[in-house]
Amino acid sequence: MANFLREYFHYTRSERNGLFVLAAICVALVLAPIVFKQFFNKSGSMDFSHFQNQIDSFYQKNDRTNEPGFQDSLFVFDPNTTSKEDFIKLGLSEKVASTIENYRNKGGKFFKKEDLQKIYGLAENDYDRLKGYILFYEDNEKINSEANKPEVETKIDIELFEFDPNTVSKADLLRLGLSKKVVKIMMNYRKKGGTFRKREDLSKIYGITEDAFERLFPYIKIVENQTTKVLASNVANTPQSYEIQTYLKIEINTASVEDWQKLRGIGSAYSKKIC
């Protein structure tokens with residue numbers, strides 16, 4: 001064992017001298033920064049006062065807040081409607097004013113004062129200076145509130161007279177005592193091609209009350225269209241041959257698959273799905 005250790009850990013004289021030199025170099029490298037600070041950098045820090053003076057002079061040249069009368073140029077504004085020129089008058093740079101304008105053109109909107117801080121490039125001191133003058137004009141809310149006000153209906157004297165629901169005008173329907181909502185529904189129904197073939201069809205209009213229908217029923221007079229008369233007479237006088245169809249009635253709650261298949265247009269697949 002001793003021979004093994006002696007063989008691997010025995011150094012010659014030249015090797016020992018090399019180790020001493022290497023250790024000395026390592027110690028010198030560790031101590032070099034300390035020695036350098038003590039003897040060669042007595043001031044302890046570099047002098048940046050010259051650069052700081054240049055920075056301060058730059059800000060002073062571009063700071064408009066110290067100009068006489070600048071505070072008097074501030075005015076109440078709405079960031080959603082104020083123009084680019086007015087933002088510049090308020091002391092913002094042209095770049096920041098353009099950023100606000102582009103933000104609004106893309107659909108952006110300011111809902112509260114703090115939203116103005118999100119504008120890129122807006123300095124904190126500019127926001128602190130302007131926040132007391134921000135006022136949101138509630139024009140849209142006023143318009144909406146007026147639009148949502150209940151409509152004041154003008155009082156119309158009810159007058160009963162004979163009328164054809166297929167041709168009667170909107171004004172006459174109002175004279176007959178129907179509400180604007182019911183009249184509008186009737187007008188839309190006729191525009192879409194709907195017709196009143198008999199007097200009872202008027203009761204099918206959504207919104208018309210039973211009392212209103214009973215009051216108007218004696219005055220309903222449906223005038224048959226002349227064109228319809230001609231077509232109907234032609235159809236009546238034209239001999240037609242057709243097959244008499246018989247209709248099958250089933251009880252839908254108890255009908256079987258076979259019963260459903262007896263109906264025209266329903267096959268085995270549909271009948272199974274229905275059951």
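Select L173 in this predicted model. The residue is found in helix α8. L173 counts as buried because its relative accessible area is 0%, where the limit for that class is under 20%. Next add L160 to the selection and display the C-alpha atoms of both residues. L173 and L160 are 13 residues apart along the chain, and their C-alpha atoms are separated by 9.8 Å.

**Along helix α8**

Keep L173 in view and extend the selection to the helix that holds it. Helix α8 covers residues 170–175, and both D172 and R175 lie in it. These two residues are three apart, about one turn of the helix. Show their side chains: D172 and R175 meet in a salt bridge, with 2.8 Å from N to O. Side chains of opposite charge can pair when their charged atoms come close. How accessible are the two partners? D172 is partly exposed, at 23% relative accessibility. R175 is also classed as partly exposed, with a value of 30%. Helix α8 therefore holds the buried L173, at 0%, as well as the partly exposed D172 and R175.

**The whole chain**

Zoom out and colour by secondary structure. The protein has 13 helices and zero strands. Its pattern along the sequence is accordingly a succession of α elements, α-α-α-α-α-α-α-α-α-α-α-α-α. If the view is then coloured by accessibility, buried residues account for 19% of the 275 residues in the protein.

**From helix α4 to helix α5**

Select E94 and K84 next. What links these two residues? A salt bridge joins E94 and K84, and the closest N and O atoms are 3.8 Å apart. E94 lies in helix α5 (residues 94–105) and K84 in helix α4 (residues 84–89), so the pair ties together parts that are ten residues apart in sequence. The C-alpha atoms of E94 and K84 are separated by 7.9 Å. E94 counts as exposed because its relative accessibility is 53%, and the exposed class begins over 50%.

**Further salt bridges**

Move to K198 and D201 and show both side chains. These residues form a salt bridge in which the closest N and O atoms are 3.3 Å apart. Which side of this pair is buried, and which is partly exposed? K198 is partly exposed, with a relative accessible area of 43%, whereas D201 is buried, at 11%. Now select K112, D115 and K118: salt bridges that share partners join these three residues into one network. Across the whole structure, a search finds ten salt bridges.

**A charge over a ring**

Select R199 and F217 and orient the view along the ring normal of F217. The charged end of R199 sits over that ring, 4.1 Å from its centre. For the aromatic rings themselves, a search of the whole structure finds four aromatic pairs.

**The nonpolar patch**

Switch to a surface representation and select V27, V30, L31, I34, V35 and F39. Together these residues make a nonpolar surface patch of about 580 Å². To place one member of the patch, select V27, which is found in helix α2 (residues 13–40). V27 counts as partly exposed because its relative accessibility is 48%, a value that lies between the buried limit of 20% and the exposed limit of 50%.

**Cysteines**

Select C26 and C275. C26 is partly exposed, at 44% relative accessibility, whereas C275 is exposed, at 52%. How many disulfides are counted in the structure? The count comes to zero disulfides, the criterion being a pair of cysteine sulfur atoms within 2.5 Å.

**The loop before helix α12**

For the last stop, select A255. This residue lies in the loop between α11 (226–237) and α12 (257–261). Is A255 buried or exposed? A255 is buried, with a relative accessible area of 13%. Add S271 and display the C-alpha atoms of the two residues. A255 and S271 are 16 residues apart along the chain, and their C-alpha atoms are separated by 9.6 Å.

Key: Residues numbered from 1 in each chain as written. Predicted model: local features only at pLDDT ≥ 70, side-chain atom pairs only at ≥ 80, totals over all residues. Heavy atoms only, no water. Patch = residues over 30% accessible without salt bridge, like charges linked within 9 Å, V, L, I, M, F, W, Y side chains within 5 Å. Areas by Shrake-Rupley, 256 points an atom, 1.4 Å probe, with all protein chains shown as cover. Salt bridge = Lys/Arg side-chain N within 4 Å of Asp/Glu carboxyl O. Helix = DSSP H or I, 4+ residues; strand = E, 2+ residues; numbered from the N terminus. Buried < 20%, exposed > 50% of the residue type's maximum accessible area, 1.4 Å probe, protein only. Phe/Tyr/Trp six-rings, centres within 6.5 Å; stacked < 30°, edge-to-face > 60°. Lys NZ or Arg CZ within 6 Å of the ring centre and 35° of its normal.
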